[in-house]
Amino acid sequence: MRGKVILVGLLLVVPFARDILAQSLIKTKFEQQMVDYENDVVRCYNEMQKFLEQEDRNLAEMIAFENLLSIYVDRILEIYSTMERLAGSSLETYRGVAARALIFRSLTYLERSKQEKQNFEKAVADYKYALQLYKGTSIPIMNKKLPYEVWIGRKLYTRLADLLDDKNKAFNLLNSVQDINQ
Amino acid sequence: MKKFGLSLVIVYWISFVSLGFGQDVRTLYDKVRKEYEANNFATVVNLCKQIIERCEQNYPDAECRYTDVMKNVYRYKGFSEFRIYTQEQNMDQLEEAINSLIKSYELYGDPEISFNYGYMQSLRAIKLKNGRDLDGLVNAWRGILGIYARDEWTVSNDLLNKLKIFIQQAVEISITPPDSALTTGRFTSFMIRLACDLAQKRTLSRDDSVFFNVYYRRAIDDEFNLRGNEWRARGFEAEQIFKANPYDSTYRICRGYLELALRFAKSTQRKAEMLKELTKVALYMEKEGRNSRRETELQYAREKASQAYTILQEHRSDIPRELENEIKKVYGNAIFRLVDYYFSITTSKDRMNSFLHARRIGEELLVPDGQGGLKQKFQWEGYEDLYLKLSDVGYELGDEKFAVDMVDKAWKAVLDINHIQLPQIYGPLPPQTAKELLQFAQVYQQIAERFGLQSVLHWLRPIIKTLSQKSFYTTKGGGY
């Protein structure tokens with residue numbers, strides 16, 4: 001009798017357990033991909049910085065780097081929205097990845113903001129979205145230690161705030177965000 | 001007349017119907033699929049245009065609202081236009097194909113389509129020699145990432161093939177157009193590294209592993225200078241072909257590639273290497289080439305070798321020892337062969353001029369030795385032969401000081417190379433060495449005789465006698 005009860009119990013539990021396990025595997029896979037894509041974003045950003053220091057004839061390549069980085073950020077945001085639907089908006093890890101990627105794209109857009117005004121608007125939009133994603137967390141995204149190293153030339157950055165300060169772009173971005181809010 | 005007019009209308013109407021005018025979108029779409037499978041690409045394009053026209057009308061058919069239908073209409077149209085382009089090589093067709101596929105991608109976002117129109121955009125950039133157009137690479141990469149995600153982040157065989165195509169196009173764009181630098185090659189180099197990294201995420205066959213490793217290396221060498229690296233690789237490949245078939249055409253191609261590699265070299269080491277390689281091919285052409293212009297090739301070799309040597313002097317710490325030795329060897333060789341050339345072309349009319357010319361060429365490698373004579377700037381494999389040749393030049397010019405100085409240096413050099421002290425000549429000596437030394441001693445004797453250097457002759461006589469005996473035994477029995 002007891003055996004039958006256990007068997008029936010197992011038959012009821014196994015399908016749910018299998019679904020939960022599958023969902024958990026998918027989440028792990030998504031998280032892994034987000035991290036991989038973020039690494040590619042940083043790699044792409046680092047590469048572009050080297051290039052900015054060295055070369056003059058760079059417009060076509062600058063735009064190409066910008067577009068490439070954008071592809072990766074779009075993919076991250078795509079996975080992030082899927083994750084949000086799957087698990088709600090409480091996942092700080094995923095929000096962190098998405099927010100950082102957006103800030104890197106924002107910085108990339110700023111490189112050509114003087115030549116192309118639309119780029120500045122895009123940069124502001126990304127920056128604003130990144131701040132929104134990380135709203136209400138204990139440490140602001142800008143001051144949080146980065147999970148990887150960002151090398152620009154011979155200088156190492158471990159926080160996004162330092163990167164923004166050093167590039168002297170934070171002021172512009174913050175101002176524009178304030179303008180938008182007003 | 002009326003009958004003729006009526007039949008004309010009927011014929012026109014039949015052709016109108018047969019081409020699909022007046023049919024609904026569903027029927028036309030079914031026809032498109034059938035015609036595409038039958039490889040009737042012109043008909044496919046025509047039918048797709050009709051569907052698009054019908055869908056632009058005020059009251060379009062229901063199918064026009066179905067994304068699945070319309071993305072396929074543009075897809076069939078784009079691929080058919082591309083097939084027509086491959087047959088006719090008409091750039092307008094390629095442009096149409098790209099636009100159709102972009103439209104299809106906008107409707108659905110199929111990564112395969114993104115890869116395909118990216119490929120076509122890169123193809124257009126290559127054909128139009130516009131290396132600045134990098135959109136194709138970006139769009140193809142978007143497609144590759146999409147396919148990778150669609151296949152649950154695994155690299156399928158199909159994706160691997162696409163990565164290979166992508167890499168080859170990236171390389172081609174980085175060297176488009178061949179004679180100018182529209183981009184730095186940094187972006188293409190980065191893309192190739194990304195592509196190779198993605199390919200490495202699966203287990204690769206031996207050939208594939210070699211393919212991706214080679215391209216990865218080419219991308220990172222010489223400060224990520226893909227443009228320069230690619231010309232270098234093509235240059236070396238062309239050099240092999242040239243050596244197997246030393247004709248003017250193969251020589252020109254090889255030299256052209258190597259010159260481009262030199263032009264786009266970023267590091268001093270690469271510049272020196274390319275100059276050395278250019279010297280080598282010019283020397284080879286002079287020696288083995290069919291109908292080569294000897295003097296031109298030798299002068300070219302001398303010029304390139306001299307430039308390589310200047311780089312070596314200015315950036316010695318950047319140049320590895322092996323390359324340094326090779327540069328010295330080719331420079332020495334170029335000078336030796338040019339001296340030999342002017343020495344051997346003398347005619348009775350301008351004998352002295354040719355000898356003087358040969359001497360001036362040789363002096364390029366000579367510096368004061370601090371004892372009133374001259375010595376070569378550096379030692380290279382075969383430097384004793386240059387001394388010997390210059391002593392011949394001095395002999396012919398009647399310049400006693402120069403001739404004696406050179407032959408004395410040649411004699412000391414040949415002893416030094418063979419690691420022989422003078423007294424050892426009278427002891428056991430390898431036969432080949434004896435033969436080589438004898439040649440030098442005889443020239444020394446000739447010069448001493450011409451300028452009446454009795455003490456030298458007195459000193460040389462026993463040496464020549466011994467060396468003759470030792471080399472004579474060589475030819476007779478091989479013992480010594």
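1. Let's start with what covers helix α14(B). Its buried residues are covered by elements that include α13 (268-288) and α15 (321-344) of chain B. The buried set itself is E297(B), L298(B), Y300(B), A301(B), R302(B), K304(B), A305(B), Q307(B), A308(B), Y309(B) and L312(B). Please keep in mind as you look around that this is a predicted model.

2. How far apart are the end C-alpha atoms of α14(B)? They lie 30 Å apart. The helix runs over residues 294-314, so at 1.5 Å a residue its 21 residues should span 30 Å, and the two values agree.

3. Helix α11(B) is a good one to visit next. Here L226(B), R227(B), G228(B), N229(B), E230(B), W231(B), R232(B), R234(B), G235(B), A238(B), E239(B) and F242(B) are buried. They pack against α8 (157-174), α9, α10 (206-224), α12 (248-263) and α13 of chain B. You will recognise α13 of chain B from the cover of α14(B).

4. The length of α11(B) can be checked in the same manner. Its 19 residues, 226-244, should span 27 Å because each residue adds 1.5 Å, and the end C-alpha atoms are indeed 27 Å apart.

5. Now step back to the whole chain. The secondary structure of chain B consists of 20 helices and two strands. Along the principal axes, its C-alpha atoms fill a box of roughly 120 × 65 × 45 Å. The radius of gyration of chain B is 36 Å, whereas a compact globule of 480 residues would have one near 23 Å.

6. As for the interior, 44% of the 480 residues in chain B are buried. Among contacts in chain B with a separation of 6 or more, 61% join residues that are 24 or more positions apart.

7. On domains, chain B is divided into domain 1 (17-108), domain 2 (110-224) and domain 3 (346-476). The C-alpha centres of domain 1 and domain 2 of chain B are 29 Å apart. Where they touch, 11 residues of domain 1 of chain B meet 10 residues of domain 2 of chain B.

8. Which element gives the most to the domain 1 side of that contact in chain B? The answer is α5(B), with nine residues. The elements giving two or more residues to this side are α4 (67-88) and α5 (91-108) of chain B. By type, the residues on the domain 1 side divide into nine nonpolar, one polar and one charged.

9. Chain B also touches chain A, in a contact that takes 13 residues from chain B and 15 residues from chain A. On the chain B side, α7 (135-150) and α9 (186-199) each give two or more residues. The largest share, five residues, comes from α7(B). This side of chain B divides into eight nonpolar, two polar and three charged residues.

10. Finally, a word on confidence. The model scores ipTM 0.85 and pTM 0.81. Chain B has a mean pLDDT of 90, with 93% of its residues reaching 70 or more. Within chain B, helix α6 (residues 111-127) has the highest confidence, at a mean of 97, and helix α1 (residues 2-18) the lowest, at 47. Over residues 8-20 of chain B the pLDDT is below 50, and this stretch has eight contacts beyond near neighbours in sequence. Residues 475-480 of chain B also stay under 50, with seven contacts beyond four places in sequence.

Technical notes: Residues are numbered from 1 along each chain as its sequence is written. Chains are lettered from A and ligands numbered from 1 in the order in which they are written. This is a predicted model: local features need pLDDT of at least 70, side-chain atom pairs count only at pLDDT 80 or more; totals for chains, interfaces and linings use all residues. Two residues are in contact if their C-beta atoms, placed from the backbone, lie within 7 Å. Helices (H or I, at least four residues) and strands (E, at least two) are DSSP runs, numbered from the N terminus. Ala, Val, Leu, Ile, Met, Phe, Trp, Tyr, Cys and Pro count as nonpolar, Asp, Glu, Lys and Arg as charged, and the others, Gly among them, as polar. The radius of gyration is taken over C-alpha atoms; the globule rule is 2.2 Å times the number of residues to the power 0.38. A residue is buried if 20 or more other C-beta atoms lie within 10 Å of its own, exposed if 12 or fewer, and partly exposed in between; C-beta atoms are placed from the backbone. Domain bounds come from an automatic or database domain assignment. pLDDT is the predictor's confidence in each residue, from 0 to 100. The expected span of a helix is 1.5 Å times one less than its number of residues.
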